[in-house]
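Visitor: Could you take one part of this structure and walk me through it up close? I'd like to hear how it fits in with whatever surrounds it.

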Amino acid sequence: EPDELWLQTPEQTAWCVAVLLIVIQVMTSIWDRKKVKMDVAGELRSYLQEGLFRHYLYYTKEMAESIPAVEIGRAMLGEIADVINVGFMKVFNCFSSVVHLVIVAAFVLHECPSAIWVVVAFSATMVFWFSRRSDSTEDVLREEKQVLKVCTALSNDYELYASYRRKVQAADVFTERVESLNELKLPHELFDLTEESFPEWVAAFFTTFYIMYFSHDVFAGVLSVGTFIALVRILNEMGEEFAEGYVHFRKLVQTAPALRRIVVYLNAETEVWDKKVFEDVNQAETYRRLLESRVPCEAANSLPIIIPKLTFSYGSPSLMDVTWSLSTEEIEIQQGTLTALMGGPKTGKATLLKLMANQCQCANQGFAHVYVPAHLSMLYVSADPVLLPFSLWRNLTMGRLGQKQERVLNILRRIEGWHEG
């Protein structure tokens, strides 16, 4: 109709529509490139991976023993990537599907208001179906972990199986686990097939119903043939849109177990607060001692390290409850002095040093407080040699970058001189 043209003539309107199609395509392409350059997924992955690793470094001893490093590594390299790529980023795809459905509803409401109930019924049916369907894969994940454990155990004991000529039996054990895993996966595969085909069946049903119900409007001239065919096409596309949207939604839901594990790892107990209490007590005591001094600035360098009278015990049920204890009198160590701690094996030398550096705590008091002036730093050097997985230079600089070569060499020369002396 002339009054429905955007411009004065049909040719101009057609040219305008063609130009708009090109403009929309260009804008979509620019936006896609912009999204890739923003690297939202990469930034989120890095943020969570860094946060989890930093949190793991401060786990308490009990928490570090209960959560193996392998689990943390799997979470950082695998589960975080799944939660971001398959989970969080799919939210935008689901939102895009909702926007498309809103546009479809607006078009139907404008062109054929009487058919809007078909779109609403179609959408309500799909939403109801999706909300009632659930498929937990926890059993599959548990079985996959068991298969991995069996494979690892068999690999570690390879020489044992080879020596006793039990390779065939080892392979049978692994085959039994794999077959059990495949049996668990079969119902989930059937579930996936049903879920993928259901939107197509619903689309076919409502399309057929629409054709049967509104065909008489076309014959009566109430509804144009173009609008009728467009609505048929739209209903088919709605089925495809729901199918694609549901795939995104299911992938998002399937990341929930991994997300729960990551949340547990990020909220695991750390030793930060215990160390903070230790440092707060030292700062308060240092502040009190400086206020009591007549010359606070000079008094800081004369404050001693004070080891109070304490008793510290170790016990182990696996050793028939045999315990040994460390008892000390109050000790003061002046700044600027060299103090040696001497004793036989298993007499508590390392334990006392750990208590001084706040590397271990007492179960009854939280920590055995050793007063160290707040401006001093305590470093506990373990007797066990530790090499970082870096170059020799980065091991010498404790992994720190940007260290001056001459300064490091001077320190090494002084250490060599002390050793020779």
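Guide: One term first: a helix here is a DSSP run of H or I at least four residues long, a strand is a run of E at least two residues long, and both are numbered from the N terminus. Asn 282 lies in one of those runs, helix H11, which covers residues 272-292. Let's make H11 our part. Keep in mind that this is a predicted model.

Start with Asn 282 itself. Its relative accessible area is 2%, so it is buried, the cut-off being under 20%. What does Asn 282 touch, once you set aside residues up to four places away in sequence? The list is His 369, Val 370, Tyr 371, Val 372 and Ala 374. Take His 369 from that list: along the chain it sits 87 residues from Asn 282, yet the two C-alpha atoms are separated by 8.7 Å.

Now move along H11 to Tyr 287, which is in this helix too. Buried or exposed? Tyr 287 has a relative accessible area of 55%, and since the bar for exposed is over 50%, it counts as exposed. Ala 374, which we just met as one of the residues touching Asn 282, turns up here again: Tyr 287 and Ala 374 are 87 residues apart in sequence and 8.5 Å apart in space, going C-alpha to C-alpha.

Next, step back to the loop that leads from H10 to H11, where you'll find Thr 270. This one is buried, because its relative accessibility comes to 14%. Leaving out neighbours within four places in sequence, Thr 270 is in contact with His 55, Tyr 58, Tyr 59 and Thr 60.

On the other side of that loop is H10, residues 256-266, and it packs against H4, residues 69-111. Their axes are 10 Å apart and the angle is about 130 degrees, which makes H4 oblique to H10. The crossing is left-handed. From H4, the residues that meet H10 are Glu 71, Ile 72, Ala 75, Glu 79, Ile 80 and Val 83. From H10, they are Ala 258, Leu 259, Arg 261, Ile 262 and Tyr 265. Sort the residues of this contact by type and you get eight nonpolar, three charged and no polar.

Going further back along the chain, there's another helix pair to look at: H8, residues 167-219, and H9, residues 225-254, with axes 9 Å apart and an angle of about 165 degrees. Because of that angle, H8 is roughly antiparallel to H9. This crossing is right-handed. On the H8 side the contact includes Phe 191, Phe 206, Tyr 210 and Phe 214, while the H9 side includes Phe 228, Leu 231, Leu 235, Phe 242 and Tyr 246. The contact of H8 with H9 divides into 16 nonpolar, five polar and three charged residues.

Past H11, have a look at Lys 309, in the loop between strand E1 (305-307) and strand E2 (310-316). With 62% relative accessibility, Lys 309 counts as exposed. Its C-alpha atom is separated by 4.5 Å from that of Glu 329, 20 residues away along the chain.

Where does all this sit in the whole protein? There are 15 helices and four strands. Of the 421 residues, 26% count as buried, and Asn 282 and Thr 270 both have accessibilities that put them in the buried class. Among contacts between residues at least 6 apart in sequence, 67% join residues at least 24 apart.

And since you work at the bench, a word on cysteines: how many disulfides does a search of the whole structure find? Zero. Cys 16 counts as partly exposed, with 25% relative accessibility, and Cys 151 is partly exposed as well, at 35%.

Conventions
Residues numbered from 1 in each chain as written. Predicted model: local features only at pLDDT ≥ 70, side-chain atom pairs only at ≥ 80, totals over all residues. Heavy atoms only, no water. Axes fitted to C-alpha atoms, helices over the stretch in contact; angles between N-to-C directions. Parallel < 35°, antiparallel > 145°, perpendicular 65-115°, else oblique. Left-handed = near helix turned anticlockwise from the far one by under 90°. Contact = heavy atoms within 4.5 Å. Nonpolar A, V, L, I, M, F, W, Y, C, P; charged D, E, K, R; others polar. Disulfide = S-S within 2.5 Å. Buried < 20%, exposed > 50% of the residue type's maximum accessible area, 1.4 Å probe, protein only.
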